[in-house]
Amino acid sequence: MYNSEIIGCGMYVPERVVTNHDLSKIMDTTHDWIVQRSGIEERRWVSPETSTSDLALIACEQAIKNAGIDKSEIDCLLFATISPDHDFPGNACFLQPKLGLTDIPAIDVRQQCSGFIYGMSIADAFIKSGQYKTILLVGAEVHSKGMDISTKGRDVAVLFGDGAGAVVIRRTEVKDHAKSSHIMSTHLFSEGSNAKALWGAAPGSGLGTVDRINNLHLEEGLQYPSMNGKKVFANAVRRMCECLMLALETNKVKLEDIDLFLFHQANLRINQMLAQELKIPEEKIFNTIMKYGNTTAATIPIGMTEAVKAGKLKKGTLVASAAFGSGFTWASSVYRW
Ligand SMILES: CC(C)(COP(=O)(O)OP(=O)(O)OC[C@H]1O[C@@H](n2cnc3c(N)ncnc32)[C@H](O)[C@@H]1OP(=O)(O)O)[C@@H](O)C(=O)NCCC(=O)NCCS
């Protein structure tokens with residue numbers, strides 16, 4: 001059977017830095033409230049003319065360069081996002097021509113904050129089956145254009161930011177499963193009965209109205225995300241712990257064998273509780289939330305790229321990732337870089 005390996009990564013965040021102080025000028029919030037509850041100090045927001053696929057393009061070009069491949073080698077494009085350029089078609093279709101690619105499958109993954117690990121799992125399975133050989137997986141989000149940035153939406157608006165991260169995943173030969181660079185496992189989960197604990201209701205055919213979106217929906221603010229923060233928080237800690245432990249058991253590796261933990265970045269407190277619960281030394285966890293907020297599907301590949309730059313992620317590093325998000329969905333992966 002074939003195996004897959006991450007051979008390159010890249011990221012891009014918009015230049016515009018939005019600090020907590022900036023937010024406190026447009027909504028009733030404070031720097032201290034945001035930092036104490038979430039660890040976030042600033043995030044990036046795009047300019048009006050920039051779309052999600054524009055951010056993705058830059059991250060992808062970097063990842064292709066970093067992988068040292070020619071883009072013509074890419075035989076499948078996967079795009080994880082919940083904030084696409086348009087309602088349809090999927091965002092991979094908008095990105096593909098920008099990358100100068102054609103004909104190859106362009107597939108969207110819609111698993112929110114777990115989207116990147118779901119994408120890794122899909123890429124790994126495609127490669128293991130022999131169907132594709134070199135897959136470009138990107139996670140990108142433009143949240144700033146889709147949130148209620150008034151006081152009404154402050155519980156959500158302070159948490160999310162814009163950004164993109166991409167990886168090239170390629171077929172590899174694994175000589176030694178304990179030592180060779182490859183994706184060792186992915187585990188995916190969901191619990192749809194909690195779908196409305198963090199969701200965007202409109203536009204949608206489930207609203208009981210003739211139109212997927214109308215003025216009444218807009219007046220009610222149904223186009224904005226809504227969240228039960230406490231429920232999301234409690235479930236994130238529990239589910240990320242569970243799926244991480246399962247990943248370690250599956251690979252017969254101990255927690256102390258993992259060199260680097262690259263978790264989703266929803267809230268610094270979630271990751272600190274995870275560390276406390278599992279007794280992970282904080283220096284083994286690579287956090288980026290302070291600078292970027294929650295960039296949903298882009299978070300983990302942004303973390304990968306920054307960890308490489310920081311010298312914390314190198315050839316041979318054993319990494320564990322876990323994510324939790326809307327759906328509820330959650331996922332984990334263990335991989336050797
Ligand atoms: C959102 C979150 C930070 C809120 O923290 P919390 O401790 O649960 O805070 P609460 O919801 O109890 O709100 C406390 C108070 O702060 C207020 N508040 C909410 N957002 C605020 C903001 N940005 N600034 C100031 N006050 C705010 C609330 O209105 C509430 O006021 P009240 O007590 O007068 O009603 C936290 O629940 C969280 O991080 N949840 C998980 C979110 C997440 O991970 N989402 C993405 C998953 S992928």
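Which domains does the domain assignment of the protein chain give? The assignment gives domain 1, residues 3–172, and domain 2, residues 182–336. Before I go on, please note that this is a predicted model.

Let me begin with how the two domains sit together. The C-alpha centres of domain 1 and domain 2 lie 14 Å apart. Their contact takes 49 residues from domain 1 and 43 residues from domain 2. On the side of domain 1 that touches domain 2, the elements that give two or more residues are β1 (3–12), β3 (42–44), α5 (115–129), β6 (134–141), α6 and β7 (163–172). The residues of that side of domain 1 divide into 20 nonpolar, 17 polar and 12 charged.

I turn now to the ligand. There are 21 residues around the ligand, and those that come nearest are Thr29, Cys113, Arg154, Gly229 and Ala266. Four elements give two or more residues to this shell: α2 (31–38), α6 (154–157), α8 (229–251) and β12 (318–325). Which element gives the most to the shell around the ligand? That element is α8, with five residues. By class, the shell holds 11 nonpolar, six polar and four charged residues. Both domains take part, since the shell draws at least three residues from each of domain 1 and domain 2.

Next, I would like to look at helix packing. Two packed helices are described by the angle between their axes and the distance between the axes. Consider α8 again, now with helix α9, residues 268–278. These helices pack at an angle of about 45 degrees, and their axes are 10 Å apart. That angle makes α8 oblique to α9. The crossing of α8 past α9 is right-handed. Which residues meet there? From α8 come Phe233, Ala236, Val237, Met240 and Cys241, and they meet Ile270, Met273, Leu274, Glu277 and Leu278 in α9. The residues of this contact divide into nine nonpolar, no polar and one charged.

A second pair is helix α3, residues 52–67, with helix α4, residues 91–98. For this pair the packing angle is about 50 degrees, with the axes 9 Å apart. Here too the angle makes one helix, α3, oblique to the other, α4. The crossing of α3 and α4 is right-handed. Thr52, Ser53, Ala56 and Leu57 in α3 meet Asn91, Phe94, Leu95 and Lys98 in α4. By class, that contact has four nonpolar, three polar and one charged residues.

Finally, I come to some details of the backbone. Most residues other than glycine have a negative phi, and most peptide bonds are trans. Against that background, three places in the chain deserve attention. The peptide bond from Phe88 to Pro89 is cis, with omega near 0 degrees. Pro89 lies in the loop between β4 (76–80) and α4, the helix of the second pair. A cis peptide bond also joins Ala202 and Pro203, where omega is about 0 degrees. Pro203 is found in the loop between β9 (198–200) and α7 (215–220). Is the phi of Gln112 positive or negative? Phi of Gln112 is near 55 degrees, a positive value in a residue other than glycine. Gln112 has its place in the loop between β5 (106–109) and α5.

To close, I return to the ligand: its shell draws residues from both domain 1 and domain 2, and α8 gives the most to it. Thank you for your attention.

Notes
Residues numbered from 1 in each chain as written. Predicted model: local features only at pLDDT ≥ 70, side-chain atom pairs only at ≥ 80, totals over all residues. Axes fitted to C-alpha atoms, helices over the stretch in contact; angles between N-to-C directions. Parallel < 35°, antiparallel > 145°, perpendicular 65-115°, else oblique. Left-handed = near helix turned anticlockwise from the far one by under 90°. Contact = placed C-beta atoms within 7 Å. Nonpolar A, V, L, I, M, F, W, Y, C, P; charged D, E, K, R; others polar. Near = placed C-beta within 6 Å. Domains from an automatic or database assignment.
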